[in-house]
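Got the viewer open? Grab the mouse and follow along, one selection at a time.

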Amino acid sequence: MVKLNDKNVIELGTPKVLSRGRCKYGVFIDTETCNMQKMIFDFSGKVINLKTGAIKEEFSFVIEDTYKTRKIITGQFSRKKRKDYPKLLKNGSYKMITRQELVAFLQELFTKYKIDVVGAFNIVFDLQALYNTLTYKNNRMKYFKEPLIQELEELEFFKANMLDLWAFASIIFHSKEYKEWYMKKGYQLTPKGCMKTGVEMLCRFLKENTMFKELHKGQADLDNEHLIFIACCLMRNNKKMLVNVSGSRALALAKPQRAKTNSKSYQMFIKQTLVSC
């Protein structure tokens, strides 16, 4: 559940209590924004079976309203990335839809899978970006004559339990293995004296690849977040870092949807943990 404070800033509210048998599907999302107002031009997601970790459905959208309104795309990084999307749209990797079509899609998705959990790395950012995009109004712009929603409650998406994958991944970056690996590789601490704990650094650790870099494109970033989610579940279930014969961390992470996550203890963990997030 989410709520708005008096400055129209998204805050995480009290989670709903879900029945053990119901909490089956969640949707992980990733957004790419194009200006200081955090408006979305790339919205992607994966529907995840929370009992097995398997991917049920994937989607990648370019938001036509923002993509075709050049005055809105003010961020230098997003302007540069915008040039990549004609090719992605042409080869079918992405589909272009309007804000109105996005709202309809999300409503249908939640009905289809009875989704109870929305997840993202630093989820408040993505929630705020979606809210800003759907409520933006500017009479001088073709696509933004009217806001798409007035209240959060109009969209089932905002009524779900929210899982911040960064907080969920604390079991990784608070582990002895991560701390030893981080110092051994010679990575610098932040100005506050903390280790870096973003997606890129966590994936370098899990993949044992110090050259790994995020692409900052929807599905590619979600593949990384799905990997982190599976690693967290495996670690929480087994209370230690799993290794395979090649020494790579987190068993079956190369193909996380095939990870051995069908045990009763794993399923109980999923039910208990996600309900409390």
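What follows is a short walk from the whole chain down to single residues and back out to some helix pairs.

**Before you click**

This is a predicted model: local features are described only where pLDDT is at least 70, and side-chain atom pairs count only at pLDDT 80 or more, while totals for chains, interfaces and linings use all residues. Residues are numbered from 1 along each chain as its sequence is written, and side-chain values use heavy atoms, with hydrogens and water left out.

**The whole chain**

Start with everything shown as a cartoon. The protein chain has 11 helices and eight strands; these are DSSP runs numbered from the N terminus, with helices being H or I of at least four residues and strands being E of at least two. Of its 277 residues, 51% count as buried. Here buried means under 20% relative accessible area, exposed means over 50%, and partly exposed is in between, using a 1.4 Å probe and protein chains only.

Now switch on a surface. The chain exposes about 14400 Å², and carbon and sulfur atoms supply 51% of that; the areas come from the Shrake-Rupley method with a 1.4 Å probe, and for residues only the protein chains shown count as cover. As for contacts (heavy atoms within 4.5 Å), take those between residues at least 6 apart in sequence: 68% of them join residues at least 24 apart.

**Stop 1: the loop between strands 3 and 4**

Select Asn 35, which sits in the loop between strand 3 (25-33) and strand 4 (40-49). Is Asn 35 buried or exposed? It counts as buried because its relative accessibility is 11%. Show its side chain and look for polar contacts, meaning pairs of N or O atoms within 3.5 Å; within protein, one must be able to donate a hydrogen and the other to accept it, and residues adjacent in sequence count only if both atoms are side-chain atoms. A polar atom of the Asn 35 side chain lies 3.1 Å from the backbone nitrogen of Met 39, and one lies 3.0 Å from the backbone oxygen of Ile 72. Setting aside residues up to four places away in sequence, Asn 35 touches Ile 72, Thr 74 and Gly 75.

In that loop you'll also find Lys 38. Most residues other than glycine have a negative phi, but the phi of Lys 38 is positive, near 55°. Lys 38 counts as partly exposed, because its relative accessibility is 32%. What does Lys 38 touch, not counting residues up to four places away in sequence? The answer is Thr 33, Phe 125, Gln 128, Ala 129, Asn 132 and Thr 133. Try the distance tool too: the C-alpha atoms of Lys 38 and Leu 130 are 8.3 Å apart, with their positions 92 residues apart along the chain.

**Stop 2: Phe 41**

Step along to Phe 41, in strand 4. It is buried, because its relative accessible area is 1%. Leaving out neighbours within four places in sequence, its contacts include Cys 34, Phe 61, Ile 63, Ser 78 and Tyr 85. Ile 73 is 32 residues away in sequence and 8.6 Å away in space, C-alpha to C-alpha.

**Stop 3: helices 4 and 5**

Colour helix 4 (residues 99-113) and helix 5 (residues 123-135): their axes come within 10 Å and cross at roughly 130°. That makes the pair oblique. On the helix 4 side, the contact is made by Arg 99, Leu 102, Val 103 and Leu 106, and on the helix 5 side by Leu 130, Thr 133, Leu 134 and Thr 135. Axes here are lines fitted to C-alpha atoms, for helices over the stretch in contact, and angles run from 0 to 180 degrees between N-to-C directions. Angles under 35 degrees count as roughly parallel, over 145 as roughly antiparallel, 65 to 115 as roughly perpendicular and the rest as oblique.

Now pick Asn 122, in the loop between strand 7 (117-120) and helix 5. It isn't a glycine, yet its phi is positive, about 60°.

**Stop 4: helices 8 and 9**

Finish at helix 9 (residues 199-207), which is mostly covered: seven of its nine residues are buried. Among them are Met 201, Cys 203 and Phe 205. Add helix 8 (residues 176-184), which packs against helix 9 at about 95°, with the axes 11 Å apart. That makes the two roughly perpendicular. Glu 177, Tyr 178, Trp 181 and Tyr 182 of helix 8 meet Met 201, Leu 202, Arg 204 and Phe 205 of helix 9. Last click: Glu 208, just after helix 9, has a positive phi of about 55°.
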